[in-house]
Each structure stands twice: as C-alpha cells, then as structure tokens.
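Me: Could you pick one part of this chain and walk me through it closely? I'd like to know how it is built and what sits around it, in plain bench language.

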Amino acid sequence: MHVTFYGVRGSVPAPGAQTARYGGNTSCVEVRLLDGTTLALDAGTGLRALGKALVREGREQQVHLLLSHTHWDHVMGLPFFAPLWKKSNHLIVYPLANEAQQRFQRNIFDDIHFPVSVHDVPAKVELAKPDASAWRIGGATVRPVQLNHPGGAQGFRIEDEDGSSLCYLTDNELNAPTAVITTEALARFSADTDLIIHDSQYVRSDMPHKLGWGHSLVDDVLHLAELAQPARLALFHHDPDRTDDALDELGANSKARLAELAPSVELLVAREGLELELKRR
Ligand SMILES: [Zn+2]
Ligand SMILES: [Zn+2]
C-alpha cells in the first residue's frame, strides 16, 4: 500500500507563509493498493492536487472515494477534482455515516454551491452499496467504524492483500462527553496496523473551550497509540491556527512522550506531500 498526503489541515483551508511547510489544504489522503486500485480518503481541498496527479498519469481513472463525513473541509475539493470532468472516468462513492449525510451529493452539485448540477458531471459517478460491515475494494477489505463527532463521522480500517494495513480516523474526539465509541474499543479496531492516521487538532490550552467539538487532544491520540500499537502514528487534521513552528514543537514533544509510552511506535506529523510505503510487519 502506498499512502500520499494531499491535505492535512482541519476545519478550513489555511494557506499562508506560516503554514507553507505542512500545508494549508484540508483532508485528503490517497491510498494506492498493491493491485493499483486508487482510494481517496476524504475530498477536502487537497483532492484538487490529487486529481491533477491522476490526470498526469494519463490513463482512464477509476477512483474509490471514502468520506469520513460531509463537513465542508472534507468535501470542498470535490467539484475541483479533475477526473470528474472527463467522460471516461469513474468515481465510486461509498456510503456515509448516516442518512442526513447521504444527501450531500445533491447539495454540493445543486446549482447554488457550484454552477454545475450533478446530472451534468461528465464522469460516471456511482454510489456503491457494499456490505455494511466489510467493503471489498480491489484487493483490499475496508471496515468502517462510527466516530465521536457532531453529526456523525466514520473511520476506516483498510487491509490490503499483502497484509499491510492502515486506519484513517479523523474528526474523532477521543473521550468525548457523549461518545459512540470508547478509546479502548477504537484501539481494538485499529490494533496492530502499519499506520494510524488520527485527528490531533487540539492541545491542552484549547480546553475546556473546545470540549465536545469533535476533535482530539494530541495526548489522547498518543494514549490510543499506546493501546493499539501501530507501526506508525500520523498526527493529522491540524488546527488552522497551528503554525509550522508550532507543529514542529508539537511533533518533537509528542515524539518524546511516545518514546516513553510506546517505544516501538514511530511518530509522524502529517504534511502535504508526505508519502509512505506500508509493508506487512
Ligand atoms: Zn474536519
Ligand atoms: Zn467535521
């Protein structure tokens, strides 16, 4: 499995000199399976660059789109995804966390939020109806999990045919006041993967003001990694106000803390352009 980060920011795009190194685009991660199947995890503004990269490959594209949920920062890039504008391409959209979110397609291509309606998109857009508990995509098995987020959100565990695996868990508040999943249950869900990508938007000084907003404290994410023991942990969905220098510091502190809690887990701070090759341990 090959993983490329195209957008790592949370809430709203944050361009500018102070965020240029980690990047200001919102959530989008490409997963390329061993058999070449392309998955896009979320359609934040990072999706635009992914679309351009796919067009540069110059072949017909079939892309499997898995959305955590439909907040703006996770769908805003969709109209600007270049493969949508070519008839021979095929976008397969997987089910969302709940019925309210299923309406997103009509809302984003509704002639109000974007000038083109859903019926005039040239590419074939298909709504997949996979089995509820485990989705078969290319050579991989994908399992969704409900997360703690206002309005609902889902995470995914992706296991490729060679045994490599990743968990994408964003817009999740570990230890939320009203939780649908406990940290322990999520640790079991994400146990022994090669990579966990987790929402790490907040630090202690953000609390208690942002309690219940649906994002995690970095310290709680480190605790999840201690329980789940992945090979690597990528801090993700950075606060739009977190500057590059602040993320450097956050990364250094988290690395030191994780070295005590879970010495075998490698800590990464997700940034645009970061590529990882996942191999079975
Ligand atoms: Zn978000
Ligand atoms: Zn959200």
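**A helix and its surroundings**

Reply: Let's start where helix α6 stops: the residue that follows it is Gln229, and its phi is positive, near 50 degrees. Keep in mind that this is a predicted model. Gln229 isn't a glycine, yet its phi is on the positive side. It belongs to the loop that leads from α6 to β12. Is Gln229 buried or exposed? Neither quite fits: 20 or more neighbours would make a residue buried and 12 or fewer would make it exposed, so with 16 C-beta neighbours inside 10 Å, Gln229 counts as partly exposed.

Now back up into the helix itself. α6 covers residues 218-228, and its buried residues are Val218, Val221, Leu222, His223, Leu224, Ala225 and Ala228. What covers them? The cover includes two helices, α5 (183-189) and α7 (244-261), along with two strands, β11 (195-199) and β12 (232-236).

Of those neighbours, β11 deserves a closer look. Five of its five residues are buried, so you can call this strand mostly covered. Leu195, Ile197 and Asp199 point one way, Ile196 and His198 point the other way, and both sets are buried. As for partners, β11 pairs with strand β10 (residues 165-169) over four bridges, in the parallel sense. One of the matches there is Leu169 with His198 of β11. β11 also pairs with β12, again parallel, over five bridges. In that pairing, Leu195 has Arg232 of β12 as its bridge partner.

Here is how α6 fits into that: the chain leaves β11, passes through α6 and arrives at β12, a right-handed β-α-β crossover. There is a right-handed β-α-β unit made of β10, α5 and β11 as well. That puts β11 in both descriptions, once with α5 and once with α6.

The loops around α6 have some backbone details to check on your screen. In the loop between β11 and α6 you'll find Pro208. The peptide bond that joins Met207 to Pro208 is cis, with omega about 10 degrees. Further along, past β12, His237 lies in the loop that runs on to α7. Its phi is positive too, about 60 degrees, although it is not a glycine. His237 has 29 other C-beta atoms within 10 Å, which means that it is buried. Gln229, as you saw, is partly exposed.

For another parallel pairing in this chain, look at strand β5 (residues 90-93). Its covered face carries Leu91 and Val93, while His90 and Ile92 make up the uncovered one. Four bridges tie β5 to strand β4 (residues 62-66), and the two run parallel. Val63 has Leu91 of β5 as its bridge partner. β5 is also joined to strand β6 (residues 124-127) by four bridges, in parallel fashion. There, Ile92 is matched with Glu126 of β6. So much for β5; to return to α6, the stretch to follow on screen is from β11 through the helix to β12, with Gln229 in the loop after the helix.

Technical notes: Residues are numbered from 1 along each chain as its sequence is written. Chains are lettered from A and ligands numbered from 1 in the order in which they are written. This is a predicted model: local features need pLDDT of at least 70, side-chain atom pairs count only at pLDDT 80 or more; totals for chains, interfaces and linings use all residues. Two strands pair if DSSP finds at least two bridges between them. Two residues are in contact if their C-beta atoms, placed from the backbone, lie within 7 Å. A crossover is right-handed if, with the strands pointing away from the viewer, the path from the first strand over the helix to the second runs clockwise.
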